[in-house]
Amino acid sequence: MHNRRSFPRAAARCVVMAASAVLIGIAVAGTFSGCSIDLLKPESYSFIKDALAVPPGSAESPAVVGTPSSRPTPQTLLTSSAPAQPPLPSQPAPLPPPPGPGAVNPSREARMVPASDAPGGFSLPALLSKKEEPQPAPPAPVAEPETPDEEEETSTPPVDRVVASVDGDPITMREVQDFASEHGQPIESNDFATSDAAKTAVKALIGEKLLEQEVKKYDDKVDEAQVDKYITQLRMDKHMSEEEFRAQLQASGMSYDELRKRARLDLEKAMMIEQEVRAKINVPDADVKAFYDAHQQDFTITKERLRLSQILIALPANPTAAQVSAAQKKAATIRTRAAKGDDFGDLARVYSDDESKSNGGELGWFAPADINDSILAAVKPLKPGEISAPVRTSHGIHLVKLEEHEVPGVVPLSEVKTEIRAQLVDQQSSAQLEKWVESDLVKQHYVETMY
């Protein structure tokens with residue numbers, strides 16, 4: 001039996017919004033965790049960003065040495081500081097997605113269930129009225145008519161009734177109301193049969209529960225290494241050391257184990273959306289070219305910038321020849337390991353003497369004028385991904401990796417084709433997700449609505 005009531009399009013759009021916010025903000029983390037995903041980008045890591053947000057009035061986390069910052073550092077390779085990057089946005093989570101038609105008996109009356117059978121143990125329906133019997137009039141010389149006491153009536157709180165179910169698990173009115181309020185869309189009416197807002201919230205909550213059921217299929221597809229890389233990337237995005245990250249996490253009230261559980265679930269959801277939604281979208285080359293031609297201004301660079309990472313082998317003031325020689329030898333060994341395939345960020349975390357080591361050596365974007373002349377001369381000839389020869393400055397011996405290099409002019413289509421295709425897939429993901437939930441996913445589950 002399947003529901004013949006179609007779900008409102010507004011509710012279906014909630015599926016898209018929620019899945020976009022909760023299931024798909026893992027583009028960077030996916031890259032580092034081996035998921036091969038490039039999902040919708042806004043609101044990524046929203047729950048963790050909120051947990052790690054610096055409380056109002058507290059000190060900001062320390063700037064990373066060598067990164068654009070107002071804080072001067074002795075190890076920096078810059079001659080002047082670039083502006084600090086703005087903080088990551090934190091946005092409220094939208095309602096999760098509703099499904100399409102499910103199993104229902106349209107003529108079925110709304111039913112109540114005992115507290116023992118319902119989630120959370122809600123009270124039984126009981127509108128009780130108590131009427132006292134008329135009392136006989138006391139004896140008196142003059143007969144007076146009997147006057148019954150006024151009727152006393154008491155009632156229990158409104159009934160928390162079942163309004164829907166997914167695979168036999170009930171969804172109560174109160175659960176829907178709490179769900180809607182948590183997402184900033186409170187329901188004013190208890191009459192779900194006539195309230196469009198209530199119907200939309202019911203469908204959205206049903207959609208969330210369907211996706212929760214579906215994501216269980218991915219329980220064994222994310223390993224500990226992927227979770228580690230996800231959290232490491234998150235910490236790097238916050239420009240925090242391991243100690244700072246854990247301290248801020250503890251201050252937020254979230255344990256590290258809880259963070260890992262949530263990170264794993266995010267990765268599982270992202271893999272599900274990638275396989276069930278994005279992988280089924282085909283964007284022709286003609287569409288990519290048309291988008292490129294129509295948005296030339298978006299692919300035009302006006303100022304030269306370089307994004308750099310470094311490993312610093314520090315030297316003391318007035319080093320001896322032996323100290324310089326040892327530092328140069330150590331730098332050469334590290335560069336050889338990187339050339340053979342060792343991850344530059346991992347090497348930086350182990351061997352660099354610069355505070356940027358906690359961020360994998362990542363320094364950020366700089367204009368050429370902001371970079372030490374010796375460093376600039378070493379990285380200018382490099383292609384993105386290449387590492388400079390060891391460069392000596394007053395701070396020590398530097399190995400500098402050119403991550404990206406933006407040169408004024410129009411970026412060729414060949415360099416942005418993958419980015420454009422991913423953006424077009426993002427745009428089509430909404431409709432594809434809606435189709436998957438309404439046309440495919442709901443048919444695999446027993447869904448009832450009872451209002």
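Let me start with helix H8, residues 256-276, and helix H13, which in this predicted model pack at an angle of about 95 degrees with their axes 10 Å apart. An angle of that kind makes H8 roughly perpendicular to H13. If you look at the residues that bring the two helices together, you will find Met272, Ile273 and Glu276 on the H8 side, meeting Gln432, Leu433 and Trp436 on the H13 side. Sorted by class, the residues of this contact come to four nonpolar, one polar and one charged.

H13 has another partner to show you, and that is helix H9. Here H9, residues 285-294, packs against H13, residues 413-440, at an angle of about 105 degrees, and their axes are 9 Å apart. H9 and H13 are therefore roughly perpendicular to each other. From H9 the contact takes in Asp285, Asp287, Val288, Lys289, Phe291 and Tyr292, and from H13 it takes in Leu413, Val416, Lys417, Ile420, Arg421, Gln423, Leu424 and Gln427. In this contact of H9 with H13 we have seven nonpolar, two polar and five charged residues.

Now to the sheets, beginning with the one that contains strand E3. This is an open sheet of three strands, in the order E4-E3-E11, and the pairing is antiparallel. Strand E4, 169-172, and strand E11, 447-449, stand at the edges with a single partner strand each, so one side of each has no neighbour in the sheet. Averaged over the sheet, and with direction ignored, neighbouring strands are turned by 20 degrees against each other. Strand E3, residues 162-166, pairs with E11 in the antiparallel sense over three bridges, and if you want a place to put your finger, alanine 164 stands opposite threonine 449 in E11.

Which helices pack on this sheet? One of them is helix H4, residues 173-182, which touches E3 and E4 and whose direction makes about 65 degrees with that of E4. Another is helix H5, residues 196-215, which lies across E3, E4 and E11 and runs at about 25 degrees to E3.

These two helices also meet one another, since H4 and H5 pack at an angle of about 90 degrees with their axes 9 Å apart. That makes H4 roughly perpendicular to H5. Glu175, Val176, Phe179 and Ala180 in H4 are in contact with Ala198, Ala201, Val202, Ala204, Leu205, Glu208 and Lys209 in H5. By class, this contact of H4 with H5 holds eight nonpolar and three charged residues, and no polar ones.

Let me turn to the sheet of four strands, which is likewise described as open, with the order E7-E6-E9-E8 and antiparallel pairing. Its edge strands are E7, 362-366, and E8, 391-393, and each of these pairs on one side only. In this sheet neighbouring strands are turned by 40 degrees against each other on average, direction ignored. Over how many bridges do E6 and E9 pair? Strand E6, residues 305-314, and strand E9, residues 396-406, pair in the antiparallel sense over ten bridges, and within this pairing you can locate leucine 306 opposite histidine 405 in E9.

Helices lie across this sheet as well. Helix H10, residues 321-339, lies across E6, E8 and E9 and runs at about 35 degrees to E9, while helix H11, residues 344-351, lies across E6 and E9 and runs at about 35 degrees to E6.

I will finish with a few details of the side chains around aromatic rings. Lysine 221 lies over the face of tyrosine 218, at 4.5 Å from the ring centre, and arginine 246 lies over the face of tyrosine 256, at 3.7 Å from the ring centre. As for rings paired with rings, the count comes to one aromatic pair.

How values were computed: Residues are numbered from 1 along each chain as its sequence is written. This is a predicted model: local features need pLDDT of at least 70, side-chain atom pairs count only at pLDDT 80 or more; totals for chains, interfaces and linings use all residues. Side-chain values use heavy atoms; hydrogens and water are left out. Axes are lines fitted to C-alpha atoms, for helices over the stretch in contact, and angles run from 0 to 180 degrees between N-to-C directions. Angles under 35 degrees count as roughly parallel, over 145 as roughly antiparallel, 65 to 115 as roughly perpendicular and the rest as oblique. Contact means heavy atoms within 4.5 Å. Ala, Val, Leu, Ile, Met, Phe, Trp, Tyr, Cys and Pro count as nonpolar, Asp, Glu, Lys and Arg as charged, and the others, Gly among them, as polar. Rings of Phe, Tyr and Trp (its six-membered ring) pair if their centres lie within 6.5 Å; planes under 30 degrees apart count as stacked, over 60 as edge-to-face and the rest as tilted. A charge sits over a ring if NZ of Lys or CZ of Arg is within 6 Å of the ring centre and within 35 degrees of the ring normal. Two strands pair if DSSP finds at least two bridges between them.
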